[in-house]
Amino acid sequence: MNATRFVVKPLLFIACLGPAIYLGVGAFGLWGVSLGADPVHTMLHSCGNWALKFLLITLCMTPLRDVTHQLLWLRLRRMLGLFAFFYAVLHLTVYIVLDQSGHLSAVWQDIVKRPYITIGMLALILLIPLAATSTAAMQRRLGRRWTRLHRLIYPIAVLGVWHYWWGVKKDIREPLLFAGVLAVLLGYRLYRRYQISAHAPRVTAQEKLS
Amino acid sequence: MRTKLPSSANIAPSEITPEDKFLSRRALLAGGLGMGVGSYLGFNGRAWAEDAGAPLTYTRNAEYSVTDAPNSFKDISTYNNYYEFGTDKSDPSEHAQKFRARPWSVTIDGECEVKGTFDLEDILKPHPLQERIYRMRCVEAWSMVVPWVGFPLADLLKRFKPTANAKYVKFFTLLDLKQMPGENTSVLDWPYTEGLRLDEAMHPLTLMTVGLYGKVLPNQNGAPLRLIVPWKYGFKGIKAINHIKFVEAMPQTTWAKSAPDEYGFYANVNPAVDHPRWSQATERRIGASLFDQRRPTLPFNGYGNEVASLYSGMNLKKFF
C-alpha cells in the first residue's frame, strides 16, 4: 500500500511527465535536444499521440486487473487518465498558440468546418467532466452515476483515434495500430459483458465493468 | 540503349562571367548562409557528374528570386516529403544516403522527334545553371524558401522537338525496390508520376533542378534531377526523374490517383480552394519564430503575375 503510494506512483508520475519535459527542452533547444526543422509539428503531433497512448493505457488497467488479480492497476488508473487529459490539453494549446499563431477566428473556422478537428475537439470537451470528477471525494459523492459518467471514456477513445485517422494525409499505419489496440480493449469489455450475463446473470454488468 | 544527343551551340559554363558568380556568392555569404568556399576556386565543368554536395558553377537569377530569407540547408535537407524513402519528414535524409544518383540515365520519348535514353551528362551538358530562390508551398500548409540550382525545363524539352500532338509532359521517378524502400509499401502507386500541361512545362519559372545551396542536390532532395514548379504545391516537384514522356492526353499523376477529391492535376497554390480536410488560406513558414509562423498563402504562391494568364477563363475551384 505504502509502496504504491510513495514509490510506484511518484515514479510513474515522473515517467508520464517525460514526453512533456522532452518537448519543452527541445522547444528551447536546451542541452542539444532538437525537435527537428518543424518543432511546432513535432510538439503538436507528439502531444496528441501521447494523449491517445495514455487513453489506451488507461483502458488497459481493468483488463490487467482481471488477468493479474492485482488491484494495483486500478490505483494507477486515475493518474494515467489525467495524463491523457493533460496531453490532450497541451495538444490543443500547441494547436492554438503555435500552429495557428493564436488566430482564434481561424481556430473556430477549423472547429466548425473540419470534421476531424470537430471530433477531436468533442473528445477533449468530453474529457473535461471526467477530469473534474476524478477525485476520490467526487467518486464517493456520485456513486453509481460516477461509473456511468466515466464510461464516456469509450466514445472519447473512439473519437480520439478517429480524429487521428482522419487528420493523417495518407500513411494510416499508425492510426490503424491505435484503432486495432482500441478494438481489442473495447472488444474485451463486450466479451466480459457477454460472459457475465451468460454465466452470472445476477451480478450486473455495470458493476463488473467499472 | 543510349543515344548520342545532337550537340548544340550553348554557352559553356566557363563563359559565365566570373564577376557575376563572385557577386552572387558574396550576396549569399552576406546573407549568413554559411556556404563552403569551394566554388571560389573556379571549380568548373563537370560538376553535375559529381556526387551530392559537390560545388556547382552557376549564376544567380535575381529576377526569379524572392527576397524572403532562405531556410537553412539543414532544414531543407532534413525536412521534406519523399515517400520513396518513408512517410516521415525525416525519413528521406535518414534513408537516402546510400542511394546511387550516378551514373544515371533519362529516357525521353512519346510525342517528340528526338527520342532515346541518354546519360545524365548529355541531358545536362548544354545548359548553364542558375540559382533561383523560390518559395516552396507544401499542400500540407507549410512552406520554405529554397535556393535551387537548375535551368529552365523549356530549354531541355525544346531539344527533343515535341510534335504538335504533345499537349502534356509526364514525368516518372525511378522504380527501384532495392534502393527506394518506400516503393515496397502500398502507400502510393509506384513509380511516382507527375505531369504538366506543355505550356506550364515551357514556362520560364519551371525549373529542372540539379542543385541546392550551390551544390549538387542531396539524395533526399531528389538527386540527380528533379522538377520545381514554384506556383504549384510541392508534390508536383517530382524527384529522381528517369523518364520524361510527351503525351497528348492529360496524364495520370500519383497524388491525384491516390485521392482524386483531395489532389488535382493542376495543384496550383490557391488560398481560396481548401483541401477537403484542412484550410489552404494560410501556411506555416518553417524556421520562423515559434510564435509567429502563420502567414497568409498567396495565390499561385506569389507568382500570379507570371503565371495567372496560363489559367485565364478556367474555373480553378473545379480544376484544383
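Trainee: Where in chain B is the place of B:Ile286?

Mentor: Keep in mind that this is a predicted model. Two strands of chain B flank the spot, E12 (282-285) and E13 (294-296). B:Ile286 sits in the loop between E12 and E13.

Trainee: Is B:Ile286 buried or exposed?

Mentor: Count the C-beta atoms around it: B:Ile286 has 24 neighbours inside 10 Å. The cut-off for burial is 20 or more. So B:Ile286 counts as buried.

Trainee: Which residues of chain A does B:Ile286 touch?

Mentor: Leave out anything up to four places away in sequence. From chain B, the contacts include B:Asn71, B:Asp75, B:Tyr79 and B:Met144. B:Met144 is 142 residues away along the chain, yet its C-alpha atom is 5.8 Å from that of B:Ile286. From chain A, the contacts are A:Ala37 and A:Asp38.

Trainee: How many residues does each chain bring to the contact, and what classes does the chain B side have?

Mentor: Chain A brings 20 residues and chain B brings 21. On the chain B side, helix H2 (73-78) and strand E12 each supply at least two. By class, that side of chain B splits into seven nonpolar, seven polar and seven charged residues.

Trainee: Which strand of chain B pairs with E12 in the parallel sense?

Mentor: Look at B:Arg284 in E12(B), whose bridge partner is B:Trp142. Two bridges hold this parallel pairing. The strand that pairs with E12(B) is E5(B).

Trainee: How many residues of E5(B) are buried?

Mentor: E5(B) covers residues 142-152 and is mostly covered. It pairs antiparallel with E4(B), residues 130-137, over eight bridges, and B:Ile133 stands opposite B:Pro147 there. E5(B) also runs antiparallel to E8(B), residues 207-212, with five bridges, one partner pair being B:Val149 and B:Gly211. As for burial, the count for E5(B) is eleven of eleven.

Trainee: Which residue in the turn between E4(B) and E5(B) has a positive phi?

Mentor: The two strands form a hairpin, with four residues between them. In that turn, one residue has a phi of about 75°. That residue is B:Ala141.

Trainee: Which element gives the most to the largest nonpolar core?

Mentor: That core has 76 residues, and B:Val146, B:Val169, B:Leu227 and B:Ile241 touch the most other members. Another core lies apart from it, with 33 residues, among them A:Leu23 and A:Phe54. As a rule, nonpolar side chains tend to be buried together in soluble globular proteins. For the largest core, the top contributor, with seven residues, is E5(B).

Trainee: What span should helix H8 of chain A have?

Mentor: H8(A) has 15 residues, 153-167, and its buried ones include A:Ile156, A:Leu159 and A:Tyr164. The rule is 1.5 Å times one less than the number of residues. The end C-alpha atoms are 21 Å apart, which agrees with the expected span of 21 Å.

Trainee: Where in chain B does pLDDT stay under 50?

Mentor: Chain B has a mean pLDDT of 88, and 84% of its residues reach 70 or more. For the complex, the predictor gives an ipTM of 0.78 and a pTM of 0.82. Where pLDDT is low, the predicted coordinates should not be read in detail. In chain B, the stretch under 50 is residues 6-48.

Definitions and conventions: Residues are numbered from 1 along each chain as its sequence is written. Chains are lettered from A and ligands numbered from 1 in the order in which they are written. This is a predicted model: local features need pLDDT of at least 70, side-chain atom pairs count only at pLDDT 80 or more; totals for chains, interfaces and linings use all residues. A residue is buried if 20 or more other C-beta atoms lie within 10 Å of its own, exposed if 12 or fewer, and partly exposed in between; C-beta atoms are placed from the backbone. Two residues are in contact if their C-beta atoms, placed from the backbone, lie within 7 Å. Ala, Val, Leu, Ile, Met, Phe, Trp, Tyr, Cys and Pro count as nonpolar, Asp, Glu, Lys and Arg as charged, and the others, Gly among them, as polar. Two strands pair if DSSP finds at least two bridges between them. A nonpolar core is a set of buried Ala, Val, Leu, Ile, Met, Phe, Trp, Tyr and Cys residues joined through C-beta atoms within 7 Å. pLDDT is the predictor's confidence in each residue, from 0 to 100.
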